[in-house]
Amino acid sequence: MNKIVGLDIGENSVKMAYFVGRELKRTAKLELPDAMVSGGRILSMDAMADFLHDAAKGSGIPLTNAALVVPASEVYTRVITLPAMTEQQLFYNLPYEFRDFLTEEKSKYFFDYAVRRIVNDETGHPKEMELFACAILKTTVEGYRAMLHRAGFRLRVLTVTECAYGAVLGAYLRRMGAENDDKDRCIVSIGHRSTHLYIYHGATFDSRREIDVGGRLIDEQIAEHCGVDIHLAHSYMRSDYNGVLEADYAREAYSRLAVEIMKAVNFYNYSNRDRELHDLYICGGGGGIEPMLRTIVETTRLTLHPVSELLSQQLSTEEPWTYLRAIGGVSEGIKGGLA
C-alpha cells in the first residue's frame, strides 16, 4: 500500500491528502454542491462517487488506495470497561455493550475495538480491560466501499474521527520522545453546521462534545448584513471580501462559538477535578480565520497551539488545519503510523 489517499467528507467540502509511503505529496479541498451531505450522511452515493472521481482527477490526485474517515453520524463509539477475557469472548460480548444504541439486529453490524489499558489485580494478573469500541452497520461499510469503487478508489482503511486524531497525537508524542505523556489536549473541529471537541489524555481518546454552532453561522451573519444570498456570503467569508471577517457582526458569531467552547471545557474540568484541560488545537473550516482564533483565545483564556505543531516536516502543507483528519485517517491505517 505504497500510495494512499486520505479522504475526509464533510458537510460542505471534501478534503483529500495523497501520500506516497509516509510522505504527503498533495492535498486538495473541494467545495460540495448543495444537497450532497446532510447531518453527516451522504444523500446519494452515486453522485458523491462521481464527484470524488472528477475532483481527484482535476486535482492531480491518483485514483488509488483510500483511507476514509467515517462521520460520527454513521458509527456508534463507546469507551467501556470489561473483565479481562479472550479475544473470542470479547467479540461475543461486544454487541451487548451497544444494545441500547443499535437499531437493527446485532448480526447486521461490524464491531471493533482498541485496548486502551489493562488493569491487573494484586497478583499481577489481568483483571479488567478498558476499550474504545465501535459498531457500524455492514450495509454502511458496503455502501462506502461501492461508492469508492465507482469513484475509482480501493477502500483500504475505514476509521473514526477519534482514532484519526489520536493517530496524529500519537505520532507527535513519539517525535517528542514523550510516549508516556498523558497531558490533556483538545482538538476542536469547526465544521459547517456544528463544532466538535475531541478530548485526549496524551494520545488516548477521552470524550467528545458537540456544539450546535459552525461556520455556517458566519455565512448567515454576512448574508444578513451584506444583503446577499448564503452562497455569495460564503465566498465573501472565504476571500474576506471587504474585510467581512473583522466586522462586528462576524465577531458576534466568533464570540458565540468561543463561549460554547469555554462552557464545554469548563464542564470537563469541573467533572475531572484531578485533571486540567487548557491546550487547544483548532482544525476544520474555521482553523484559518485569524479573528475567530483571537476571539477564542481572548474569551476562553486557554492556550491555542497551531495545528502545524502536530505534523512533522514530511507532512507540512498549506492550511494544515484543513487536512488534519484526512492525514490522521492515513496515519491510523499505516502500520506503525506516520512519523
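## Note on a predicted model: fold, spaces and two loop residues

1. Among the contacts in the protein chain that have a separation of 6 or more, 63% are made by residues 24 or more positions apart. The coordinates under discussion come from a predicted model, and every remark below should be read with that in mind.

2. The overall build comes next. The protein chain has 9 helices and 15 strands. Its radius of gyration is 20 Å, close to the 20 Å that the globule rule gives for 339 residues, so the chain is as compact as a globular protein of that length. Along its principal axes, the C-alpha trace spans about 70 × 50 × 40 Å, and 49% of the 339 residues count as buried.

3. One strand deserves a close look, namely E6. Strand E6 covers residues 65-70, and because 6 of its 6 residues are buried, this strand is largely enclosed by the rest of the structure. A student may find it helpful to go through the two faces separately: on one side Asn65, Ala67 and Val69 are buried, and on the other side Ala66, Leu68 and Val70 are buried, so that both faces of the strand are covered.

4. Which strands are joined to E6 by bridges? Strand E1, made of residues 3-9, runs parallel to E6 and is joined to it by 4 bridges, one example being the link between glycine 6 and its bridge partner in E6, alanine 67. Strand E10 also runs parallel to E6, with 6 bridges joining the two, and here valine 69 has threonine 159 of E10 as its bridge partner.

5. The largest pocket has a volume of about 1100 Å³. Its lining is made up of 48 residues, and those that lie nearest the centre of the pocket are Lys15, Ile190, Gly191, His192 and Gly285. Helix H9, which spans residues 320-333, gives the most to this lining, with 4 residues. By class, the lining of the largest pocket divides into 17 nonpolar, 19 polar and 12 charged residues.

6. The second largest pocket holds about 740 Å³ of space and is lined by 28 residues, with Ala114, Phe132, Thr159, Cys163 and Glu332 nearest its centre. Threonine 159 has thus come up before, as the bridge partner of valine 69. At least two lining residues are supplied by each of strand E8 (109-120), strand E9 (126-137), strand E10 (154-160), helix H4 (161-175) and strand E13 (204-211), and the largest share, 7 residues, comes from E8. The lining of the second largest pocket has 19 nonpolar, 4 polar and 5 charged residues.

7. Enclosed spaces should be kept apart from the pockets, and the structure holds 2 cavities of 30 Å³ or more. The largest cavity has a volume of about 50 Å³, and the residues that line it are Ile9, Gly40, Ile42, Leu68, Val69, Pro71 and Tyr144. Of these, Leu68 and Val69 belong to the buried residues of E6 described above. In terms of class, the lining of this cavity has 6 nonpolar residues, 1 polar residue and no charged residues.

8. About 30 Å³ of space lies in the second largest cavity, which is lined by Val168, Ala171, Leu310, Leu311, Leu315, Ile327, Ser331 and Leu338. The elements that give two or more residues to this lining are H4 and H9. The lining divides into 7 nonpolar residues and 1 polar residue, with no charged residue.

9. Two residues call for a check of the backbone. Arginine 301, although it is a residue other than glycine, has a positive phi, near 60°. Its place is in the loop between helix H8 (290-300) and strand E15 (303-305). Is arginine 301 buried or exposed? Its relative accessibility is 71%, and since the cut-off for the exposed class is over 50%, arginine 301 counts as exposed.

10. Glutamate 319 is likewise not a glycine and has a positive phi, of about 50°. This residue lies in the loop between E15 and H9. With a relative accessible area of 37%, glutamate 319 is partly exposed, and a reader who inspects the model may wish to view this loop together with helix H9, the element that gives the most to the lining of the largest pocket.

How values were computed. Residues are numbered from 1 along each chain as its sequence is written. This is a predicted model: local features need pLDDT of at least 70, side-chain atom pairs count only at pLDDT 80 or more; totals for chains, interfaces and linings use all residues. Side-chain values use heavy atoms; hydrogens and water are left out. On a 1 Å grid over the protein atoms alone, a cavity is a set of points where a 1.4 Å probe fits but cannot get out, and a pocket is an open set with protein on both sides within 12 Å along at least five of seven lines; lining residues have an atom within 4 Å of a point. Grid points are joined across faces, edges and corners, and a volume is the space filled by probe spheres set on the points. Ala, Val, Leu, Ile, Met, Phe, Trp, Tyr, Cys and Pro count as nonpolar, Asp, Glu, Lys and Arg as charged, and the others, Gly among them, as polar. Buried means under 20% relative accessible area, exposed over 50%, partly exposed in between (1.4 Å probe, protein chains only). Two strands pair if DSSP finds at least two bridges between them. The radius of gyration is taken over C-alpha atoms; the globule rule is 2.2 Å times the number of residues to the power 0.38. Contact means heavy atoms within 4.5 Å.
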